[in-house]
Amino acid sequence: MFPIAVDMECGYERIRQFLTANSFEQRDFVENEGEFSLRGAIMDIFSFGASEPLRVEFFGDTVASLRQFDINSQLSGKTLSSATITAAFTPGETDAAETATILDYLPPSAIILIDDHTEFLAMENHEELAGALKEFTTVRRGAASGEAIDFHAASQQKINANFRLFATLLHQKAATAGTPVFAASSQREIRELNDFLAEEMAETGKGSAAEPIWVPLNLHSGFSFGPLDLYTESDIFGKLHSHRSSRKRKIRGISLGDLQKLKVGDFVVHEDYGIGRFKALETITAGNSEQECVLVEYEGGDQLFVNVQNINLLSKYAASESSTPVLSKLGSSKWAARKEKVRNKLRDIAINLIKLYAQRKMQPGFAFGPDSIFMREFEASFIFDETPDQHKAIEELKKDMQAPHPMDRLICGDAGFGKTEIAMRAAFKAVESKKQAAILTPTTILAHQHAETFARRFENFPITIAVLSRFVPRAEQKETLKKIAAGTVDIVIGTHRLVSKDVQFNDLGLLVIDEEQHFGVEVKEKLREQFPGVDTLTMSATPIPRTLQFSMLGARDLSIVSTPPKNRQPVETLITDYDAELIETAIRREINRDGQVFFLHNRVAGLEEMQRTIRELVPSARIVYAHGQMPARELEKIMMDVMQKEVDVLISTTIIGSGLDISNANTIIINRADMFGLSDLYQLRGRVGRSERKAYCYLITPPLHTLKREAVQRLAVIESFTELGSGFSIALRDLDIRGAGNLLGAEQSGYIHELGFDLYQKMLEETVAGLKSTEFSHLFSGDAKPPAPTGTCDLVFFCDALIPEHFITATHERFGFYEKISKARKAENLDTLHKELRDRFGPLPEEVEHLLLLAKLKITASPLGIEKIELQAKTITFVLPGEESGEPLNREFLQHLFTAVQQPEMQPYNPGFSFDKKMKLTLHHPKSDASSSPSALIEHYTNLLHQLADPQRKSRPKLFDFVFMHIYPATIYPPSAVTRI
């Protein structure tokens, strides 16, 4: 251990040596235990066994500050006065580790129990241990005593969300002066409990019982001890007890920027110059200043240096897995013509998209009522804790259902992340309002599994649930159909059978489509026609690109459930050739821990032979095989045996890929994984890892060098996205490499190939936003107005403005900050970035300060229509749009500008106008500012621009009329426009 404290001179180099000697690994930034990073005077350390990593800031060899920080945002949190860096508990690493024992890490107040004192005395080193134990309080028991201490306590009765029973018990306890104590992790549960009990007491007329005392404890189960009755969440609500880890997980972000790290040689798209190849991040000298630029190579070896100020104009090229773009030619007009052609086509697509959205919003639907006490009871009986994403999705869903138009929401979340619970909340809300709910699943097995889950969840409520599938006998199906038509079935769960003509609902209010990616377009279109005004909830871990595109553009509402349940671990994924020894080891390891194995072999004809092969490897294992062509009864029996743990290894086709939930199965072996799509692989891997156990996924392929490039790319993606909650990232990547497909009947793949997906998506979003604020503004009057698209102001400056390599050494990290700065749209965004840079990397060098201040100047100037700013050592020049731009300048700003420059306070700047195709306003730095630092000058002119744009100046000078009438052509500013101004 290495103790450190603020103001302690412990030595920067000494700590670094300690970390290196104790198995800590140096990284660009810290995410896991046993890692550290060095960034100038900042040292980040994640001690072994720590709940949070530590950020140490030095002043020389003295510790200036200690802060904990978040591994996801990398931003500092709680400030500490002292801390201890803990090494790995591994013998042999250092002299200290060799001599340390667990007693060295216990506090003096620890109580040590010696369960068998006789056995303790028989140990060789018992005298040495006895000496060490003198520092602690010890309790010793004899081995043969066999005496039990009876506390006359009893385990608590299980309530299982039966609040009427609980109210009766409390009333009885109150009569005997009992004291109820409720142990819960938060006060939310105690508030809900009080509401439920008050409701029950009022109905039964028993009066009020003693209000439970709340203690903030996370206990497994309660007890009764004399007058004390302690109840836990598990006792009352039936919740499963979970160990609450204070350690945060590393969560992968879901932005396309995170997914698409640029590598040398990647194709990129510049909005103005077209498709090129990314070569490097280089520092160049422009005039007297140093700037960092992105070097892009075009056709014929032509090179373009893109200043980091304009990095937002660049995006990674992506179209489809097999498409290779043609490099653009610098100086050619072909790229502009191509963009204009696509923009015209996009207008038609955008209009249809808005019409579809408007049609849904204007279509009358059923407005469900607000939550009742029964809805809250149903929610309280959920045996798990809701994750934050799950809670947010449920609230959004309720808001949709209570609106007077039909809901159309996509829930995107990983397997086992709680999508089914969200669907059950929606179904309860529908049934409570006397409506029916239909749950559509892609497979018979999933339908029956959902039926069991729904039956367990709704068992305390008077709700009727039925199943329609080929597993159900015909006579029973006929009876179920009659009940559905009569309205005596509240929730029906089924496969494509639900879409049949003979299924007539009495009053359907909710349609849930589970595993949406498995349904064809025909089925979805039929559902739309059959149930036009019904609330629709679509659920998927990896939605098809077309569905995701709809959601991202706002034609369908989207909720992302990416927070993993407590104690869930990511699935370890391994790509390997066929190796009999490895397969045997994997199966035996899983069976030895009482688990089950899925072996996926997607050829029905080869299943029996594969069963023989596996049996030869593991003769003692109970092995069966299953496929969708089996008789219904036989398949049902096999799956029931698997669920009841009567089977060790299930060899099957992809029938297990749709939502099957067997938490005891934690190893899956996928044979010929190269034959599956990206979404399929992710879904199949999601069949394991649904419990607290570590899960494994083996992707068996032929040698990688024999596979097609697309197959290798898919396998690489699935191997790299092992983090929990990666489903949405996988879907984005699928959208990225496959394109959105046939959206609204318009074939987009050609457009995406020409422009790349990012630029195509951006142009489509801009077109939709433009139409929303103009032609279709009446449909979106209640929505927040989208910001009007503005041009980008170019900057030329005389000072160094870059992120030096010595400040941020990792190129991808430096590139990431350039991207954030370039894409910032508000000064507040840049202030946040300033704080982040200071926090993570220490005091900012002058060049970085310049970079952020110039970005603020750009943000201020761009909406005003200023085309370019040239900041030199003695002057600053504002360039206004010229005739060839075709874009009228912000007239209101121009009026304020001409008014302002004639004011006495502007005379020290000696303002001067010039016109050569473009109008320029040049200001000279006042003598008092001429010797100011570049930072002071940039801040000064940013503030001045704010003043020049001050809308309080209402008078219009004659100079303003003269400029409009004589300098700017009438084709751009007609006299009528000038008169209006």
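The secondary structure of this protein, taken here from a predicted model, adds up to 32 helices and 40 strands. Of the 981 residues, 49% are buried. Looking at contacts with a separation of 6 or more, 73% turn out to link residues 24 or more positions apart. As for the outside, the accessible surface comes to about 46,300 Å², and carbon and sulfur atoms hold 52% of that.

One sheet is worth walking through strand by strand. It is an open sheet of 5 strands with mixed pairing, and its order reads β11-β14-β15-β12-β13. At the edges sit β11 (153–155) and β13 (213–215); each has a single partner strand, so one side of each goes without a neighbour in the sheet. Between neighbouring strands, the average turn is 20°, direction ignored.

Strands of a sheet pair through backbone hydrogen bonds, in either the parallel or the antiparallel sense, and this sheet has some of each. Start with β12 (residues 179–183), which pairs with β13 in the parallel sense over 3 bridges. Here alanine 183 is found opposite valine 215 of β13. Strand β12 also pairs with β15, again in the parallel sense, this time over 5 bridges; in that pairing, phenylalanine 182 has tyrosine 231 of β15 as its bridge partner.

On to β15 and β14. Strand β14 (residues 223–225) runs antiparallel to β15, with 3 bridges between the two, and phenylalanine 223 is bridged to leucine 230 in β15. The two strands make up a hairpin with just 2 residues between them, and glycine 226 in the turn takes a positive phi of about 65°. As for how β15 (residues 228–232) is covered, 4 of its 5 residues are buried, so the strand is largely enclosed by the rest of the structure.

Further along the chain there is a helix pair to look at. Two packed helices are described by the angle between their axes and the distance between the axes. For helix α26 (residues 827–841) and helix α27 (residues 846–861), the axes come within 9 Å and cross at roughly 170°. The two helices are therefore roughly antiparallel to each other. On the α26 side, the contact is made by Ala827, Leu830, Asp831, His834 and Leu837, while α27 brings in Val848, Glu849, Leu852, Ala855, Lys856 and Ile859. Sorted by type, the residues of this contact come out as 7 nonpolar, 1 polar and 3 charged.

How values were computed: Residues are numbered from 1 along each chain as its sequence is written. This is a predicted model: local features need pLDDT of at least 70, side-chain atom pairs count only at pLDDT 80 or more; totals for chains, interfaces and linings use all residues. Side-chain values use heavy atoms; hydrogens and water are left out. Axes are lines fitted to C-alpha atoms, for helices over the stretch in contact, and angles run from 0 to 180 degrees between N-to-C directions. Angles under 35 degrees count as roughly parallel, over 145 as roughly antiparallel, 65 to 115 as roughly perpendicular and the rest as oblique. Contact means heavy atoms within 4.5 Å. Ala, Val, Leu, Ile, Met, Phe, Trp, Tyr, Cys and Pro count as nonpolar, Asp, Glu, Lys and Arg as charged, and the others, Gly among them, as polar. Two strands pair if DSSP finds at least two bridges between them. Buried means under 20% relative accessible area, exposed over 50%, partly exposed in between (1.4 Å probe, protein chains only). Accessible areas come from the Shrake-Rupley method with a 1.4 Å probe; for residues, only the protein chains shown count as cover.
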